[in-house]
Amino acid sequence: TYEFQYDTTAFRIYREAMPGYNIVGVNSNAIIPSLGAIHCIVKEVGVLNPLWISHPKIDGIVTETGPYEINANIKSAAGISDAEVYWTTDTTAGYSAIQMTEIVPDSFTASIPDQINGTEVFYYISASSNDGRNISEPITAPAGYYHFKVEAVPVELISFNGTLDNNIVKLNWLTATETNNKGFEIERMDGSSQNSPGIWKAVGFVHGNGTTTLAHSYSFSDNLQKNVIEGKYHYRLKQVNYDGSFEYSSEIAVVITEQLQFSLAQNYPNPFNPATIINYQISDKNFVSLKVFNIIGEEISVLVNEEKPKGRYSVEFNGSNIPAGVYLYKLTAGNNIAVKKLMLLK
């Protein structure tokens with residue numbers, strides 16, 4: 001070193017690259033005043049028939065699920081007799097050994113098992129040659145080691161929304177990243193009853209993309225055509241991992257406006273004595289007239305004669321004061337007209 005304030009970056013790089021070593025700077029102002037460095041003088045000390053390991057270390061934060069593949073090039077003129085990865089999550093508890101497999105000449109691999117989120121993993125590689133040499137990477141292992149921390153990227157939901165088209169709710173959502181994502185269970189809570197708490201029900205499942213750092217879009221259509229009831233429907237996503245754990249998304253709500261058609265139902269019971277029920281529905285707000293006539297067209301009774309909002313209605317007709325026979329009942333709402341027969345028995 002020449003000026004300590006200029007060499008701090010070099011110290012940091014050496015210490016990161018050479019775990020287990022105590023890096024000491026030698027002030028060279030007195031011994032090499034014309035600049036230069038110690039390594040220019042001493043270079044390297046050689047060894048006969050060396051055993052050599054080259055390993056692209058796993059370092060820092062690992063955001064993917066395991067197993068964590070450890071790869072290395074290991075060479076010796078005498079040939080390699082053994083190669084192992086030693087790993088632990090607690091250096092005070094010792095290391096576990098995993099045999100490395102030679103996949104192609106001089107290229108070895110082994111995998112450290114998957115670890116839970118937040119775990120720090122410490123490891124090193126040890127190899128022996130056929131002529132009895134042994135070396136570790138890093139050289140100072142087990143006092144020095146490589147290490148990484150598992151912080152798997154969760155399923156990050158960017159957006160979740162729903163649209164309504166002819167009583168079909170289409171849900172769309174987008175993820176930025178996914179980890180161990182088996183898929184999404186779609187849950188719905190019907191908001192038809194305001195007097196009782198809603199119950200979440202699973203209405204579908206969409207498969208996820210496992211572990212990925214790429215954005216993915218998803219969609220699901222919920223057909224509410226059958227037995228739809230006007231009201232607010234709540235939806236949420238239950239994101240399920242392969243290990244069975246899960247998380248819920250925020251909720252969204254879709255308001256369903258019931259699509260009613262103008263119609264007049266057959267009275268029930270029919271024939272009847274002395275009363276019967278007439279059901280009808282209108283598609284929008286209108287002036288409604290519901291009247292009963294005899295078979296020659298004479299008005300017998302006015303059941304409804306007022307403005308009504310859109311909806312379903314039931315009216316009772318009591319024929320105790322008229323003779324038995326066949327009668328007509330007529331529904332009018334704006335330009336819509338419907339007529340049906342009813343029969344009174346006595």
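**Exercise 1. Place Ser126 in this predicted model and decide whether Ser126 is buried or exposed.**

Solution. Start with the secondary structure: Ser126 sits in strand β8, which covers residues 120-129. Next, look up the relative accessible area of Ser126, which comes to 12%. Buried means under 20%, so Ser126 counts as buried. Finally, see who surrounds this serine. Skipping the neighbours within four places in sequence, Ser126 touches Asp82, Ala83, Glu84 and Tyr86, and also Asn134, Ile135 and Ser136.

**Exercise 2. Work out which strands stand at the edges of the open sheet of 4 strands, and why one side of each has no neighbour there.**

Solution. Write down the strand order: β21-β20-β23-β24, with antiparallel pairing. Now check the ends of that order. β21 (299-308) and β24 (336-344) each have a single partner strand, so one side of each goes without a neighbour in the sheet. Going from one strand to the next, the twist averages 15°.

Then zoom in on a pair: β23 (residues 325-333) runs antiparallel to β24, and 9 bridges join them. To find your place in that pairing, take Leu331, whose bridge partner in β24 is Ala338.

**Exercise 3. Find which residues make the nonpolar surface patch of about 460 Å², then say whether Ile296 is buried or exposed.**

Solution. List the members of the patch: Ile295, Ile296, Val326, Met343 and Leu345. Pick out Ile296, which falls in the loop between β20 (286-293) and β21. Its relative accessible area is 66%. The cut-off for exposed is over 50%, so Ile296 is exposed.

Definitions and conventions:
Residues are numbered from 1 along each chain as its sequence is written. This is a predicted model: local features need pLDDT of at least 70, side-chain atom pairs count only at pLDDT 80 or more; totals for chains, interfaces and linings use all residues. Side-chain values use heavy atoms; hydrogens and water are left out. Two strands pair if DSSP finds at least two bridges between them. Helices (H or I, at least four residues) and strands (E, at least two) are DSSP runs, numbered from the N terminus. Axes are lines fitted to C-alpha atoms, for helices over the stretch in contact, and angles run from 0 to 180 degrees between N-to-C directions. Buried means under 20% relative accessible area, exposed over 50%, partly exposed in between (1.4 Å probe, protein chains only). Contact means heavy atoms within 4.5 Å. Patches are made of residues with over 30% relative accessible area and no salt bridge: like charges are joined within 9 Å, nonpolar side chains (Val, Leu, Ile, Met, Phe, Trp, Tyr) within 5 Å. Accessible areas come from the Shrake-Rupley method with a 1.4 Å probe; for residues, only the protein chains shown count as cover. A salt bridge is a side-chain nitrogen of Lys or Arg within 4 Å of a carboxyl oxygen of Asp or Glu.
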